[in-house]
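User: I am a first-year student, and I would like a close look at one part of this model. Please keep the sentences short and walk me through it step by step.

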Amino acid sequence: MDQAASRREFLKAARGVAVGLVAVVTVKPAHATPAEMQGAIRAVVGSGRITPGKVKIELPPLIENGNAVPLTVSVDSPMTEAEHVRAVHVFTEKNPQPYVVSFHLGPRAGRARVSTRMRLADSQNVVAVCELSDGSLWSDSAAIVVTLAACLEDGI
Amino acid sequence: MASALINVPPRAKRGEIIEIKTLISHVMETGFRHTQLGTVIPRDIIRRFVCTYNGTEIFRADLYPAISANPFIVFSTVATESGTLSFQWTGDNGFSVTESARIYVE
């Protein structure tokens, strides 16, 4: 009986320590934070209202090598002189910097679909924001799990 | 010296949407890595890519360190007239490469 009680006490104490550890980890993030990403988005597109929709990120849900992650962004737009996509910006939550790429398109693109390869330092959300010719802003986000993170290996 | 690969269809119908693929060899050093002695490896990236069609800009991209080494960019354009597509990459340490491709529109 006495032994069981001490075991319970131990587990209680251990849980306290574990919670403490988690708290320390969440207080000090190693990279940029989602809040910094929001700041970066505002710095690029201004203070307009961002509505989810129209733009679509295509990312694999799980990637082995974070050094080259295929990224495709497409926007549902007729791409005419009157109604086209002006720009597409991509941001990340946990890379050292929130900026990834900004594509500037126009009616001559014909189709609003661009692809590239990006680096990811951690499993995280990737956000795309597009600016249409009427000034409206649309966004989409995708979650991705990265097995081998970029930026970790050091040079010679 | 950097070398670029460009994939543009040589012939297209007027008004057709063509896909353009570009790849350029470049280390895209992020500026976030350290040597074993602890010094930061300075950033060396391509910052801008511009594509012009007979002198008119049709596509531009601003690149950041989060773009993979050997930047690969795919985009599209409407084949309007025969002529030259020219591609320019510019970046840190005076990096600048220009390539061009001919297209015949019928």
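How many bridges join β7(A) to strand β6 of chain B, and in which sense do the two strands run? Please build the picture outward from there.

Analyst: Two bridges join β7(A) to β6(B), residues 72-78 of chain B, and the strands run antiparallel. One facing pair is Ser115(A) and Val74(B). Keep in mind that this is a predicted model. Its scores are ipTM 0.92 and pTM 0.83.

Start with the sheet around that junction. It is an open sheet of six strands, with antiparallel pairing. The order is β2(A)-β4(A)-β7(A)-β6(B)-β3(B)-β1(B). So which strands sit at the edges? They are β2 (55-58) of chain A and β1 (4-7) of chain B, each pairing on one side only. From one strand to the next, the twist averages 15 degrees. As a general point, strands of a sheet pair through backbone hydrogen bonds, either parallel or antiparallel.

Now step from the junction into chain A. Strand β4(A), residues 69-75, pairs with β7(A) over six antiparallel bridges. Within that pairing, Pro70(A) stands opposite Arg117(A).

Step the other way, into chain B. Here β3(B) and β6(B) pair over seven bridges, in the antiparallel sense. Glu19(B) stands opposite Ser76(B) in β6(B). One strand further on, β1(B) and β3(B) share four bridges and are also antiparallel. Ala4(B) has Ile24(B) in β3(B) as its bridge partner.

Next, widen the view to the whole contact between the chains. Chain A brings 29 residues to it, and chain B brings 27. In chain A, β6 (99-104) and β7 (113-118) each supply at least two residues of the side that touches chain B. That side of chain A has twelve nonpolar, eleven polar and six charged residues.

β6(A) leads to another set of pairings. A hairpin of six residues joins β5(A) to β6(A). These two strands run antiparallel and share five bridges. His89(A) has Ser102(A) in β6(A) as its partner. β5(A), residues 85-92, also pairs with β8(A), residues 124-132. That pairing is antiparallel, with seven bridges. In it, Thr92(A) is matched with Val126(A) in β8(A). Is β5(A) mostly covered or mostly open? It is mostly covered, with six of its eight residues buried.

Compare that strand with the chain around it. In chain A, 33% of the 156 residues are buried. The chain has two helices and nine strands. From the N terminus on, both helices come before the strands: α-α-β-β-β-β-β-β-β-β-β. Take contacts in chain A between residues at least 6 apart in sequence: 70% of them join residues at least 24 apart.

Helix α2(A) gives a neat check. It has twelve residues, 34-45, so at 1.5 Å a residue it should span 16 Å. Its end C-alpha atoms are 16 Å apart, which agrees. Just after this helix, Gly46(A) takes a positive phi of about 85 degrees.

Back in chain B, two residues deserve a look. His26(B) is found in the loop between β3 (17-24) and β4 (46-53) of chain B. Is His26(B) buried or exposed? It is buried, because 23 other C-beta atoms lie within 10 Å, and the cut-off for burial is 20 or more. The C-alpha atoms of His26(B) and Gly38(B) are separated by 24 Å, and the two residues are twelve apart along the chain.

Tyr53(B) is in strand β4 of chain B. Tyr53(B) counts as buried because it has 20 C-beta neighbours inside 10 Å. Leaving out residues up to four places away in sequence, Tyr53(B) touches Ile58(B), Thr77(B), Gly83(B) and Leu85(B). Tyr53(B) and Arg102(B) are 49 residues apart along the chain, and their C-alpha atoms are separated by 9.8 Å.

Last, ask how far to trust each part. Chain B has a mean pLDDT of 93, and 98% of its residues reach 70 or more. Chain A averages 85, with 83% of its residues scoring at least 70. Residues 23-29 of chain A fall below 50. Beyond near neighbours in sequence, that stretch has zero contacts in the model. Where pLDDT is low, the predicted coordinates should not be read in detail.

How values were computed
Residues are numbered from 1 along each chain as its sequence is written. Chains are lettered from A and ligands numbered from 1 in the order in which they are written. This is a predicted model: local features need pLDDT of at least 70, side-chain atom pairs count only at pLDDT 80 or more; totals for chains, interfaces and linings use all residues. pLDDT is the predictor's confidence in each residue, from 0 to 100. Two residues are in contact if their C-beta atoms, placed from the backbone, lie within 7 Å. A residue is buried if 20 or more other C-beta atoms lie within 10 Å of its own, exposed if 12 or fewer, and partly exposed in between; C-beta atoms are placed from the backbone. Ala, Val, Leu, Ile, Met, Phe, Trp, Tyr, Cys and Pro count as nonpolar, Asp, Glu, Lys and Arg as charged, and the others, Gly among them, as polar. Two strands pair if DSSP finds at least two bridges between them. The expected span of a helix is 1.5 Å times one less than its number of residues. Axes are lines fitted to C-alpha atoms, for helices over the stretch in contact, and angles run from 0 to 180 degrees between N-to-C directions.
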